[in-house]
Amino acid sequence: MRFLFIIFIFLLVYSCKDSTSRDAREPVSKSETVEYSQDSSDLDAISTKDVKFKVLDSKHISKSDIWAEINLQMEDFTKADYERLKPLILEQDIPTLQKHISDGKFDYELLTKFYLYRIRKFDRENNLSLNSVISINPNVIKEAKALDQASDENHLIYGMPILLKDNINASGMPTTAGAVALKDNMTEDAFLVKQLKSKDALILGKANLSEWAYFFCGSCPSGYSAIGGQTLNPYGREIIDTGGSSSGSGVSASANFAAATIGSETAGSILSPASQNSVVGLKPTVGLVSRSGVVPISSTLDTAGPITRFVIDNAIVLDAIFGEDVSDSKSFMILWDSGFYTEKIQEANLQGKRFGAPKSLMNDSLFNIAVEVLKLQGAQIVEIEEQDINLPNFINLLNIDMKKDLPNYMESYANSNIKLRTVADVMAFNSKDSVSTMPYGQSLFKGIVNDNGDEVFLEKIKDTLKTNGKQFFDVPMKQNNLDGYLSINNYHAAYAAVAEYPAITVPMGYTKTGVPKGLTFISKSLQEKQLLEWAYIYEQASKARKAPKDYN
């Protein structure tokens, strides 16, 4: 896999050879923007067997730190309570949880405490630790009790405990992006968090991530951050890669640490950890979900999106967080009412739907099985040749965007006590104590600082990339009258990113060595409802997800 990855990096760098800043970067490693391989002969996906972790546990937070304000509130929740609730909550979707609550089997307080108990039991400083959670909302139990008293449910997300990727601002907890420089970044709620709270979702806490959304250290393993330590995959701790950058969100969803989680993606950072952890991840059309109050990489490509165990839960979360944000340059007005993404999802069918399946993927046994499942549901599969289309200056787009977007975040959404503003400021901060702030270095940040591309160059890059990305999908879709495009994991994430098209990945099984893989559907802008329906039908027919056995 590493050999294949090196080949891909060479091709990416070669495609960028006409860049005005081609000498500005260190050798590129596994950043989220290039973390995919289109060589489908690699049936074992990504493995970390040959990775030597420099750091496992965080040097900046401990289990006692995380639980200091919660332990007293958990004293009345016993192991017996946990065991009684386990069959009612573990691996159950949100509609089932809501039914159990309406039937009086438990309430929102007990549901919240169940997830807190699991996180405390499994997540840090033990032989099964996953390091997937960075912080806990100290007020979440009190908030759950208040919802039990109110009982005025206005959305299926009501009372559901949600973990946020720790680059999403939420009051009561710092937003760190995994970086020591932002350890004390106490903020107001991001727009999407306000959306959740307006429908009475519970913010359970923050999930670990690949630091700075995997656009920082270059040679570090996915799932590592200085604040959170090394996130580990529940299907194979220190063996199977977590995917990045929404590593903690993917792991937490898979390990049943919350009803649902939210991640963010620039090019692969939802699709990758979702597929690697056998859960459902949706990367929405850029602009459908607000980015205000989310630590950025690229205002051109960034988006937040749901990561869940089941497709119906994904639809519920998306339904709760979408909406126009006038402070977000990419946001747009849509006229859909609440319930749009969940309405009639269970009545959908695939009769007559046409999907393009790249011939290069047809030698993947799991993909072949998934294709046969789709055929049995009435879908028509058209094998297609992938177009030979490059994505020139992809890295330069991210460099130039982040160089301006990070200062904008720091000025508008970060805590005013933090005086750092630029990428160069963060690099200087890290250099004061490199062992604890950047044990794998900060080569990608160095590339940002050294990139001399200007706004004129940026606009040319954006135009070319969007044109190329749309052509990659639009040409075969038009030629073959396709409804959607099939892929594996995040293999085509970069093309979907620059086209600004939505994509969803759904568990499709496990390799012979136990590595999860996902079937990915890609469609044109604002076709999330169709994606969710297709994914739901496939999920219900395949029943491919198996919970990680050590965490049941």
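1. Let's start with what surrounds the largest cavity in this predicted model. Sorted by class, its lining has five nonpolar, five polar and three charged residues. The cavity's volume is about 80 Å³. Of the 13 residues in the lining, Asn167, Ser264, Val294, Val295 and Asp302 are the closest to the centre. Strand 6 (260–265) and strand 8 (303–308) are the elements that give two or more residues to that lining. If you go looking for others, a search of the whole structure finds three cavities of 30 Å³ or more.

2. Now turn to the second largest pocket, with a volume of about 340 Å³. Here 19 residues make up the lining, and Asp65, Ile66, Ile134, Ser135 and Pro174 lie nearest the centre. Two or more residues come from each of helix 2 (63–67) and strand 1 (133–136). Which of them gives the most to the lining? That would be strand 1, with three residues. By class, this lining has eleven nonpolar, four polar and four charged residues.

3. Next, charge pairs. Side chains of opposite charge can pair when their charged atoms come close. The structure holds 20 salt bridges, and a few are worth finding on screen. One of them is Lys359 with Glu385, where the closest N and O atoms are 3.7 Å apart. Lys359 sits in the loop between strand 9 (354–358) and helix 12 (365–376), while Glu385 sits in the loop between strand 10 (380–384) and helix 13 (394–412), so to speak two distant parts of the chain, 26 residues apart. Is each partner buried or exposed? Lys359 is partly exposed, at 40% relative accessible area, and Glu385 is exposed, at 56%.

4. Another pair to look up is Lys466 with Glu500, with 3.8 Å between the closest N and O atoms. Lys466 belongs to helix 17 (residues 455–479) and Glu500 to the loop between helix 18 (493–499) and strand 12 (503–510), so this pair ties together parts that are 34 residues apart in sequence. Lys466 is partly exposed, with 33% relative accessibility, whereas Glu500 is buried, with a relative accessible area of 8%.

5. Helix 17 turns up again in the salt bridge between Asp474 and Lys524. The closest N and O atoms of this pair are 3.9 Å apart. Asp474 is in helix 17 and Lys524 is in the loop between strand 13 (516–522) and helix 19, so the two tie together parts that are 50 residues apart in sequence. Lys524 is partly exposed, at 31% relative accessible area. Elsewhere, Asp76, Glu109 and Lys113 are joined into one network by salt bridges that share partners.

6. What about a charged residue with no salt bridge? Have a look at Glu539, in helix 19 (residues 528–542). Glu539 is buried, and the nearest side chain of opposite charge, that of Lys543, is 6.5 Å away. A salt bridge needs a nitrogen within 4 Å of a carboxyl oxygen, so Glu539 goes without one. Setting aside neighbours within four places in sequence, the contacts of Glu539 are Val280, Arg309, Phe310, Val311 and Val506.

7. Lys543 deserves a point of its own. Lys543 is placed in the segment after helix 19. Its phi is near 45°, a positive value in a residue other than glycine. Is Lys543 buried or exposed? At 57% relative accessibility, Lys543 is exposed.

8. Some background for that last point: most residues other than glycine have a negative phi, and most peptide bonds are trans. Ser278 also has a positive phi, near 60°, and is likewise not a glycine. You'll find Ser278 in the loop between helix 10 (271–276) and strand 7 (280–283). Ser278 is buried, at 0% relative accessibility.

9. Last one: the backbone between Gly244 and Ser245. What kind of peptide bond joins these two residues? The bond is cis, with omega about 5°. Ser245 itself lies in the loop between strand 5 (229–230) and helix 9 (247–254).

Terms used
Residues numbered from 1 in each chain as written. Predicted model: local features only at pLDDT ≥ 70, side-chain atom pairs only at ≥ 80, totals over all residues. Heavy atoms only, no water. 1 Å grid on protein atoms, 1.4 Å probe; cavity = no way out; pocket = protein on both sides within 12 Å on 5 of 7 lines; lining within 4 Å. Points joined across faces, edges and corners; volume = space filled by probe spheres on them. Helix = DSSP H or I, 4+ residues; strand = E, 2+ residues; numbered from the N terminus. Nonpolar A, V, L, I, M, F, W, Y, C, P; charged D, E, K, R; others polar. Buried < 20%, exposed > 50% of the residue type's maximum accessible area, 1.4 Å probe, protein only. Lys, Arg positive; Asp, Glu negative; His and termini not counted. Contact = heavy atoms within 4.5 Å.
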